[in-house]
Amino acid sequence: MFSPHCRDERQAGEIARDRLLVLLNAGSFTLVSGWRDTDRYGRKLRTVTRADRSLGEKLVEEGLARRWNEPRRDWCAFD
C-alpha cells in the first residue's frame, strides 16, 4: 500500500489489508520460520499459520495477494 500508482491499486491494497486483519483476529496463530530468518533489511521473515495452514496462502487463493516469485500484477492497467 506504499505509494499506490492509481485508485485501483490503493483499493486492492486496502481490501487485502482488511482481509488479513479479519484472518488475524479470527483466533490464535503461529509464526513459523522458513529457510531464511531475515531479509536484506534485517526484518524477520515468518509464515503466519493457523491449524498448519498459511494465512498468506489463503490470501493468494482469494486473489488478494501473490507469491513473492510470481509476476507482479498491474492493478492500474484498466484505470
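The chain exposes about 6,600 Å² of surface, and carbon and sulfur atoms supply 54% of that area. Keep in mind as you look around that this is a predicted model. Buried residues make up 13% of the 79 residues in the chain. Below is a friendly tour, from the overall fold to the pocket and then to two residues.

**Fold and overall dimensions**
- The chain contains 2 helices and 3 strands, and along the sequence they follow the pattern α-β-β-β-α.
- Taken along the principal axes, the C-alpha atoms fill a box of roughly 40 × 30 × 20 Å.
- Among contacts with a separation of 6 or more, 38% join residues that are 24 or more positions apart.

**Charge**
- On the charged side, you will find 16 positive and 13 negative side chains in the chain.
- The centres of these two sets of charges lie 4 Å apart.

**The largest pocket**
- The largest pocket has a volume of about 1,700 Å³, and 37 residues line it.
- Which residues lie nearest its centre? They are Val 60, Ala 65, Arg 66, Arg 67 and Trp 68.
- Four elements each supply at least two residues of the lining: helix H1 (7-25), strand E1 (30-38), strand E2 (44-50) and helix H2 (55-61).
- H1 gives the most to the lining of this pocket, with 6 residues.

**Thr 49, in strand E2**
- Thr 49 is found in strand E2, one of the elements that help to line the largest pocket.
- Is Thr 49 buried or exposed? Thr 49 counts as buried because its relative accessibility is 13%, and the cut-off for buried is under 20%.
- Leaving aside neighbours within four places in sequence, Thr 49 is in contact with Phe 29, Thr 30, Val 32 and Ser 54.

**Arg 53, in strand E3**
- Arg 53 has its place in strand E3, which covers residues 53-54.
- With a relative accessible area of 36%, Arg 53 is partly exposed, since that class runs between the 20% and 50% cut-offs.
- Not counting residues up to four places away in sequence, Arg 53 touches Val 48, Lys 58 and Glu 61.
- How far apart in space are Arg 53 and Phe 29? Their C-alpha atoms are 9.6 Å apart, while the two residues are 24 residues apart in sequence.
- Phe 29 also appears among the contacts of Thr 49.

Notes
Residues are numbered from 1 along each chain as its sequence is written. This is a predicted model: local features need pLDDT of at least 70, side-chain atom pairs count only at pLDDT 80 or more; totals for chains, interfaces and linings use all residues. Side-chain values use heavy atoms; hydrogens and water are left out. Buried means under 20% relative accessible area, exposed over 50%, partly exposed in between (1.4 Å probe, protein chains only). Contact means heavy atoms within 4.5 Å. Accessible areas come from the Shrake-Rupley method with a 1.4 Å probe; for residues, only the protein chains shown count as cover. Lys and Arg count as positive and Asp and Glu as negative; His and the chain ends are not counted. The place of a charge is taken as NZ of Lys, CZ of Arg, CG of Asp or CD of Glu. On a 1 Å grid over the protein atoms alone, a cavity is a set of points where a 1.4 Å probe fits but cannot get out, and a pocket is an open set with protein on both sides within 12 Å along at least five of seven lines; lining residues have an atom within 4 Å of a point. Grid points are joined across faces, edges and corners, and a volume is the space filled by probe spheres set on the points.
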